Amino acid sequence: MIYQDSKTLLAVRGLRVTVNDIEILKGIDLTVKSGEVHAIMGPNGSGKSTFAKALAGHPAYVVTGGEVMFEGKNLFELAPEARARAGVFLGFQYPIEIPGVANSQFLRLAYNTVQAQRGKDELDPLEFDDFVREKMKLLEMNPDFLDRSVNEGFSGGEKKRNEILQMALLEPKLAILDETDSGLDIDALRTVANGVNQLATCDNAIVLVTHYQRMLNYIVPDYVHVMEGGRIIKTGGKELAVELETRGYDWVGVEYKINARPAA
Amino acid sequence: MSSVLQNLVNQPYPHGFVTEIESDVAPKGLNEDTIRLISTKKNEPGWLLEFRLKAYQQWLKMEEPKWPNVKYPKIDFQAISYYSAPKPKKLASMDEVDPELLRTFEKLGVPMNERAALAGVAVDVIFDSVSVATTYKQKLAEVGIIFCSISEAVHEHPELVQQYLGTVVPLGDNYYAALNSAVFTDGSFCFIPKGVKCPMDLSTYFRINTQESGQFERTLIIAEEGASVSYLEGCTAPKFDTNQLHAAVVELIALDNADIKYSTVQNWYAGDEKGIGGIYNFVTKRGLCKGVNSRISWTQVETGSAITWKYPSCVLRGDNSVGEFYSVALTNHYQQADTGTKMVHLGRNTRSTIVSKGISAGRSNNSYRGLVRIAPSAAGARNYSRCDSMLVGDQCGANTFPYIQVNNQSAKVEHEASTSKIGEDQLFYFAQRGIGAEEAVSMIINGFCKDVFQQLPMEFAVEATKLLGLKLEGSVG
């Protein structure tokens, strides 16, 4: 939701990123204020996931230009774990499996690490168990999840729920959800979207990276950005997503090229 | 990120110090005279000298095994001193133990004195091949358990030693076992009489101290009918530039319904980050499930040595007997490990389980080599094997060599294997949840090794977890 006088959380200016020496992002500008929900849409290979991972600090994504300020501080001066502790959360498109590590153990370590950073109390295993079970209800998750190894043998939907559970625990200021809707059936999509909606407040912001409009039926964006060829080529309101659903992406690109043509 | 991984695996060896204690060292070289000297020094009976000489004759005719997947320069057996003992003293209590030695054990974190008492562990301390102190002996003696150095056993219980020595690992079994049989200097002896459940874990800490002194221990554990024992072996060696040879032999014998659990945490000096120095650990460990329903379980956590060549094995002769092997082998820098097990099924309905976890980091090479043999007599035998490898970084290697020989139609043998890698993506996932690389690696490794650590006695599991952490963690830059 767009609030009057809300703070700027994230300011991206001219961001350029290469992967394996190939330039993927060619100058991204984006401003996200607290309370807002942004959707970044676009065809495969347009750079959406690269943008998400670069913000979170994946080592394979090399920033070659531009700047990103998070709450007024240079985000790229922080190591990936420091960004997470500062409140940047990435919901993974493909969550990593960690065999032999109980989900409860992993969740508690992550939770306590972030709590310590915020100068808040850490929870012992028993306290944490009560706390996490409460959060799991939000996502209609079976408590069995706690005893299973992190993401190991989870279905696509279970993995995504587990991602949003982590978001619920860590209470980030900025949540970037990378294709959280992929691999979800309709019921799971609704549950996950409800969970995300309940976590949205006037103090945090959400950036949804997605191919399809369908998740936006449940999580209504304030802004929709279309990315193509490593640039944001169009920005609009929620109605833009609907238009994209019916007309596809091609017309946006054509329009962009016409507008970008230098005056003769 | 690769530099992070490199820093993680570059942790200096914390046990690299030499204790200054006067040693009684034999001249270098191996011949019949050396063997006679050892035997005389130890005041041994004639039958044992004969055993040694016979082994020596066999050894002369044998060749070093070439099949392990390890590389090292040829060992000059004439350049090794085969006997080294602290100057002998009669010790009546712990107070008389050389304080320098006690400090050494303190530095190693060995739980002795009150610590031993608190932990409920009886420690038979081996220091350069000779037992220095044995605690708890009295208490164990009350229930008829004999736990002492093998030299002492040779004198106090010659009939037992003579009856069992070399029955599981024959003196000409393999090159290093033959060498050990010829020159072994000390080791542990443990006898659990009929029906006795050993009231505490028995523990031995080994430590090679004299530079270039080979260490050849001999361990013999016998559990009579219905007896049970859990035995812990821990190893640490100081830092020297030359390679040291360690060729031990361990024999376990379980009679009807007996149960032996043998746990090892091995942290011999592994050489430096350039691969200079380190222990050659060429060990023969074998257990014989002689009686019906007997069980022998090996658990090992191998983190040290420049080269490890070790296959703790079970010969399942008694019907319904059970053999188990749980192993974590971690190699780093230029370490090489060729380790695994042999499960030889002879009796009916014998069962074996193999769980092997290999972790390779740096430029190391880690091989699992295992044999499951089902003899024609082993009707209804079953084996389950699981071999997992984990790679840390991209300059290390992991291999699995499972040999399976089935000669009985009713047998059931299963083998599972997997290879995984701690890579950028895994560490990034942790980082994105606020967890730093050190904690992440530690959590991943402990998760990977969980099935094995669960088999270790509590104190050992804690030690093993810390040890793996030490080997893999460090200054994360």
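Buried means under 20% relative accessible area, exposed means over 50%, and partly exposed lies in between, with a 1.4 Å probe and protein chains only. Keep that scale at hand for the exercises below.

This is a predicted model, in which local features need pLDDT of at least 70 and side-chain atom pairs count only at pLDDT 80 or more, while totals for chains, interfaces and linings use all residues. Residues are numbered from 1 along each chain as its sequence is written, chains are lettered from A and ligands numbered from 1 in the order in which they are written, and side-chain values use heavy atoms, leaving out hydrogens and water.

**Exercise 1. Get to know chain B**

Task: find how many helices and strands chain B has, and what share of its residues is buried.

Solution.
- Step 1: Chain B has twelve helices and 23 strands, taken as DSSP runs (helices H or I, at least four residues; strands E, at least two) numbered from the N terminus.
- Step 2: Of the 477 residues in chain B, 62% are buried.
- Step 3: Turn to contacts, meaning heavy atoms within 4.5 Å. Among those in chain B between residues at least 6 apart in sequence, 85% join residues at least 24 apart.

**Exercise 2. Compare three salt bridges**

Task: for the pairs Arg218(B)–Glu251(B), Arg295(B)–Glu324(B) and Lys357(B)–Asp451(B), work out which elements are joined and how each partner is covered.

Solution.
- Step 1: Fix the criterion: a side-chain nitrogen of Lys or Arg within 4 Å of a carboxyl oxygen of Asp or Glu. Over all chains, the structure holds 27 salt bridges.
- Step 2: Arg218(B) and Glu251(B) meet at 2.9 Å, N to O. This pair links strand 8 (residues 218-223) with strand 11 (residues 249-254) of chain B, 33 residues apart. Arg218(B) is buried at 0% relative accessible area, and Glu251(B) is buried at 0% too.
- Step 3: For Arg295(B) and Glu324(B), the closest N and O atoms are 3.1 Å apart. Arg295(B) sits in strand 14 (residues 295-302) and Glu324(B) in strand 17 (residues 322-331) of chain B, so parts 29 residues apart in sequence are tied together. Here Arg295(B) is partly exposed at 24%, whereas Glu324(B) is buried at 11%.
- Step 4: Lys357(B) and Asp451(B) come to 3.9 Å, N to O. Because Lys357(B) lies in strand 19 (residues 351-360) and Asp451(B) in helix 11 (residues 437-453) of chain B, the pair ties together parts 94 residues apart in sequence. Lys357(B) is buried at 5%, and Asp451(B) is partly exposed at 35%.
- Step 5: Follow the last pair outward: Lys357(B) and Asp451(B) belong to a salt-bridge network with Arg386(B), Asp388(B) and Glu416(B).

**Exercise 3. Inspect helix 10 of chain B**

Task: decide whether helix 10 of chain B is mostly covered or mostly open, and look just past its end.

Solution.
- Step 1: Seven of the nine residues in helix 10 (residues 424-432) of chain B are buried, leaving the helix mostly covered.
- Step 2: Among the buried residues are Leu427(B), Phe428(B), Tyr429(B) and Phe430(B).
- Step 3: Just after helix 10, Gly434(B) has a positive phi of about 90°.

**Exercise 4. Describe a helix pair in chain A**

Task: state at what angle helix 3 and helix 4 of chain A pack, and which residues meet.

Solution.
- Step 1: Helix 3 (residues 103-117) and helix 4 (residues 125-138) of chain A pack at about 95°, with axes 11 Å apart.
- Step 2: Ser104(A), Leu107(A), Arg108(A) and Tyr111(A) in helix 3 meet Pro125(A), Phe128(A), Phe131(A) and Val132(A) in helix 4.

Terms used. Axes are lines fitted to C-alpha atoms, for helices over the stretch in contact, and angles run from 0 to 180 degrees between N-to-C directions.
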